[in-house]
Amino acid sequence: MKIPFVSFIPLEKELDQDLRGAFERVYKRSWYIEGEEDEAFEKAFADYCGVKYAIGVGNGLDALMLSLKALGIGEGDEVIVPSNTYIATALAVTYVGAKPVFVEPDIRTFNIDPSGIEEKITPLTKAIIPVHLYGQACDMDPVMEIARSNGLFVIEDCAQAHGATYKGRKVGTFGDLAGFSFYPGKNLGALGDAGAVITNNKEMADMVRALGNYGSDYKYHHIYKGNNSRLDELQAAFLSAKLPVLDKVNEDRRRIARAYTEGIRNEKVITPFVNEDCLPVWHIYAVRCDERDKLEKHLKDLEIGTNKHYPIPIHLQECYKDLGIGEGLLPVAEEISRTELSLPLYYGMTDEQIRYVIDAVNSF
């Protein structure tokens, strides 16, 4: 049996008429930027998250970068980020001229360990970016307490956690702002690149919107040195078609994750730990194995697609050599990079497919 790491086919087949209708609606209207579709999706997504404002942007990286800009973070500042995350989190900090300062994750959850944050705070520190990695919320109470007691901003990176909750509250509603990615592979994915910033602060919302529109608050009037990062009408329409089924998609992903956790009984494989305060949405089902590369080959031989998130930690990437963080200085992130393997998980997987993956892992 051949099982891809990810497939969009089951959901797109189910939503075929809605997605085609979204395209036709935009095409017939002949309005492609900052129109009715964008406005409607922004309102719907803000309502879904439980915040006052959502601002569509070009992608998830821009969502974080524009959030940092809106908070006035720039040259000479430091921003605390997890050492185990996708590089976009650090790049956003770099793009505004600030320095990313890495804090190690809790190896059980893969998310930032709040106990390591305070020791990294200096007079230059301006913000913390907790990343709700793989669809599981960070331990936000201690993160917010540390931020409040040290006068720091919090920008949540929700790129992989649409609809995830912490103590019954959706991610993205704890910090000053939050960034989302709607890359096609996300739980709520566009049919191209797209992103959003959410917040309850109107001033911040207005600033993010202006910054993403060439720094303009109205046509040809520029109050900031901005960027071009807007959610186009077509992607907004596609996202509006998909948003009503996001909870259904997330619940199906939980079904698959439960089956994996209950079924995988290989002592060489560590299945994910879930914080009891969190309801994950399982963007990624990440296992760890000391013989990760052998397990990867074993599954590939059985035609099972996998992925590694992420095989080289940020501090060891060539582009961040300037930070001077050598091998061994962030051992938890390095251990995760060495041992993590992501199993297939996507909406519509059949029980037969799930059992095939479980049996394959157990036979390693």
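Which residues of α11 are buried? In this predicted model, they are A333, E334, I336, S337 and T339. The cover over those residues includes β14, α10 and β15, so let's start with that corner of the structure and work outwards.

## The three-stranded sheet and its helices

The sheet here is an open one, built from three strands in the order β12-β14-β15, with antiparallel pairing. At its edges sit β12 (269–270) and β15 (340–343), each of which pairs on one side only. Strands of a sheet pair through backbone hydrogen bonds, and they can do that in a parallel or an antiparallel way.

Take the β12 side. This strand pairs with β14 (residues 285–289) over two bridges, in the antiparallel sense. One specific match is V269, whose bridge partner in β14 is C289. On the β15 side, four bridges join β14 to β15, again running antiparallel. There, R288 of β14 has E340 of β15 as its bridge partner.

How much of β14 is covered? Mostly all of the strand: five of its five residues are buried. In a regular strand the side chains alternate between the two faces of the sheet. You can follow that along β14, where Y285, V287 and C289 point one way while A286 and R288 point the other, and all are buried. Note that R288 is on that buried list as well as being the residue bridged to E340.

Now for the helices. Helix α10 (residues 292–301) lies across β12, β14 and β15, and runs at about 25 degrees to β15. Helix α11 (residues 331–339) packs on the sheet too, touching β14 and β15, with its direction at about 50 degrees to that of β15. That brings us back to the opening list: β14, α10 and β15 are among the elements covering the buried residues of α11.

## An enclosed strand, β9

Strand β9 (residues 195–199) is another well-covered piece. Five of its five residues are buried, so the strand is largely enclosed by the rest of the structure. G195, V197 and T199 point one way, A196 and I198 point the other way, and all are buried.

β9 has pairing partners to look at as well. With β1 (residues 53–57) it pairs in the antiparallel sense over five bridges, and I55 stands opposite V197. With β8 (residues 177–181) it is joined by four bridges, also antiparallel. In that pairing, A178 has I198 as its bridge partner in β9.

## Salt bridges

Side chains of opposite charge can pair when their charged atoms come close. The count for this model comes to 24 salt bridges. Here are three of them, with the distance between the closest N and O atoms.

| Pair | Closest N and O atoms |
|---|---|
| E37 and R29 | 3.2 Å |
| R209 and E42 | 2.9 Å |
| D301 and K297 | 2.9 Å |

What does the R209 and E42 pair tie together? R209 lies in helix α7 (residues 202–211) and E42 in helix α3, so the pair links parts that are 167 residues apart in sequence. As for accessibility, R209 is partly exposed at 34% relative accessible area, whereas E42 is buried at 9%.

E37 and R29 also split that way. E37 is buried, with a relative accessible area of 5%, while R29 is partly exposed at 32%. Both residues belong to a network too: salt bridges that share partners join R25, R29, E36 and E37.

D301 and K297 are a local case. Both lie in helix α10, four residues apart, which is about one turn of the helix. D301 counts as exposed at 51% relative accessibility, and K297 is exposed as well, at 52%. Recall that α10 is also the helix lying across β12, β14 and β15.

## A nonpolar patch on the surface

Last stop, the outside. Which residues make the nonpolar surface patch of about 400 Å²? The patch is made by F23, Y27, Y32 and I33. I33 is found in the loop between α2 (16–29) and α3 (36–49). Its relative accessible area is 33%, so I33 counts as partly exposed.

Note on methods. Residues are numbered from 1 along each chain as its sequence is written. This is a predicted model: local features need pLDDT of at least 70, side-chain atom pairs count only at pLDDT 80 or more; totals for chains, interfaces and linings use all residues. Side-chain values use heavy atoms; hydrogens and water are left out. Patches are made of residues with over 30% relative accessible area and no salt bridge: like charges are joined within 9 Å, nonpolar side chains (Val, Leu, Ile, Met, Phe, Trp, Tyr) within 5 Å. Accessible areas come from the Shrake-Rupley method with a 1.4 Å probe; for residues, only the protein chains shown count as cover. A salt bridge is a side-chain nitrogen of Lys or Arg within 4 Å of a carboxyl oxygen of Asp or Glu. Buried means under 20% relative accessible area, exposed over 50%, partly exposed in between (1.4 Å probe, protein chains only). Two strands pair if DSSP finds at least two bridges between them. Contact means heavy atoms within 4.5 Å. Axes are lines fitted to C-alpha atoms, for helices over the stretch in contact, and angles run from 0 to 180 degrees between N-to-C directions.
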